[in-house]
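Thank you all for making the time this morning. I would like to walk you slowly through one protein model, moving from a single helix outwards to its surroundings, and I ask you to keep the picture in view while I talk.

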Amino acid sequence: MVLVVDNGSSYTDDLAAVLEKFGCAYRRVIPSEISAGDLPAYGGFILSGRKRNDRLVNEVNSRVVRHAVSSGAKLLGICYGAEIMALCMGGTIRRSEIPQRNVRCAVKVSGATPITPDAGASIDVFESHAYEISRLPPAFESVGGSHDCRHEIIRYKGRDVYGTQFHPEMSRDGRLMVERFCGL
């Protein structure tokens, strides 16, 4: 079962619909409903995007990231979820030079993973963010980028821990990535 941490993104309902379509067993909760003792019950985690910065939300999401990495559970961080993954593991984020608001763009896959197409493929994605990952943590690699964002898809090396700066639940190519993540 996958725990979906609903951080208040306006796209989380779309994410839930994608998970239901692919038959992925999940439980959706808001950060204030999660305790550290709950985490071992899940084999995977998805961190949604968010609307605004909140200390409690950041703390809970950081706890989920550290748990997933230390336990070997699969993890997918979406938009803010990818950013908090990077921050929690020693990377940095910055305000985007050009905020992306509800736009489509092409992401070039630079490294094949179990959830992405082969290296060299271009995927159509949906962007809506004002921040982006500026420096990856040492254990992470960038496996996809776009004209406006260098780290569109990130991966913890050798693990099923992924982040997307875009919202995969909002495009066909992205939904295929979510389906592959559920199948891990």
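Let us begin with helix H3, where Tyr80, Gly81, Ala82, Glu83, Ile84, Met85 and Ala86 are buried. Please bear in mind throughout that this is a predicted model. How much of H3 is buried, and what follows from that? Of its 9 residues, 7 are buried, so the helix is largely enclosed by the rest of the structure.

Now look at the two ends of this helix. Ahead of it, in the loop between S4 and H3, sits Cys79, a residue that has a positive phi of about 55 degrees although it is not a glycine. Cys79 has a relative accessible area of 7%, and because buried means under 20%, we count this residue as buried. Just after H3 comes Gly90, which takes a positive phi of about 110 degrees.

What lies against H3? One partner is helix H2, whose axis comes within 9 Å of the axis of H3 and crosses it at roughly 70 degrees. The range from 65 to 115 degrees counts as roughly perpendicular, and therefore that is how we describe H2 and H3 relative to each other. On the H2 side, the contact is made by Val57, Asn58, Asn61, Ser62, Val65 and Arg66, while H3 contributes Tyr80, Ile84, Met85 and Cys88. If you sort the residues of this contact by character, you find 6 nonpolar, 3 polar and 1 charged. For the newcomers, it helps to remember that an α-helix has 3.6 residues a turn, so residues three or four places apart point the same way.

Staying with H2, I would like you to find Ala68, which belongs to this helix. Is Ala68 buried or exposed? Its relative accessibility is 0%, and so it counts as buried. Leaving aside its neighbours within four places in sequence, Ala68 is in contact with Phe45, Ala73 and Leu75. Gly44 is 24 residues away from Ala68 in sequence, yet from C-alpha to C-alpha the two are 7.5 Å apart in space.

Next comes helix H4, which covers residues 172–182 and in which Asp173, Gly174, Met177, Val178, Phe181 and Cys182 are buried. These buried residues pack against several elements, among them helix H1, strand S3 and strand S4. Strands S6, S8 and S9 are also packed against by the buried residues of H4.

Finally, let us turn to the pockets. The largest pocket has a volume of about 320 Å³ and is lined by 17 residues, with Arg50, Lys51, Arg101, Ser128 and His129 lying nearest its centre. Here we meet H3 again, since S3, H3 and S6 each supply at least two residues of that lining. The largest share, 4 residues, comes from S6. By character, the lining of the largest pocket divides into 5 nonpolar, 7 polar and 5 charged residues.

The second largest pocket holds about 190 Å³ of space, and its lining includes Asp6, Ile30, Lys51 and Val57. Strand S1 and helix H2 each supply at least two of its lining residues, and the lining as a whole divides into 4 nonpolar, 3 polar and 4 charged. You may recall Val57 from the contact of H2 with H3, and Lys51 from the centre of the largest pocket's lining list.

Definitions and conventions
Residues are numbered from 1 along each chain as its sequence is written. This is a predicted model: local features need pLDDT of at least 70, side-chain atom pairs count only at pLDDT 80 or more; totals for chains, interfaces and linings use all residues. Side-chain values use heavy atoms; hydrogens and water are left out. On a 1 Å grid over the protein atoms alone, a cavity is a set of points where a 1.4 Å probe fits but cannot get out, and a pocket is an open set with protein on both sides within 12 Å along at least five of seven lines; lining residues have an atom within 4 Å of a point. Grid points are joined across faces, edges and corners, and a volume is the space filled by probe spheres set on the points. Ala, Val, Leu, Ile, Met, Phe, Trp, Tyr, Cys and Pro count as nonpolar, Asp, Glu, Lys and Arg as charged, and the others, Gly among them, as polar. Buried means under 20% relative accessible area, exposed over 50%, partly exposed in between (1.4 Å probe, protein chains only). Axes are lines fitted to C-alpha atoms, for helices over the stretch in contact, and angles run from 0 to 180 degrees between N-to-C directions. Angles under 35 degrees count as roughly parallel, over 145 as roughly antiparallel, 65 to 115 as roughly perpendicular and the rest as oblique. Contact means heavy atoms within 4.5 Å.
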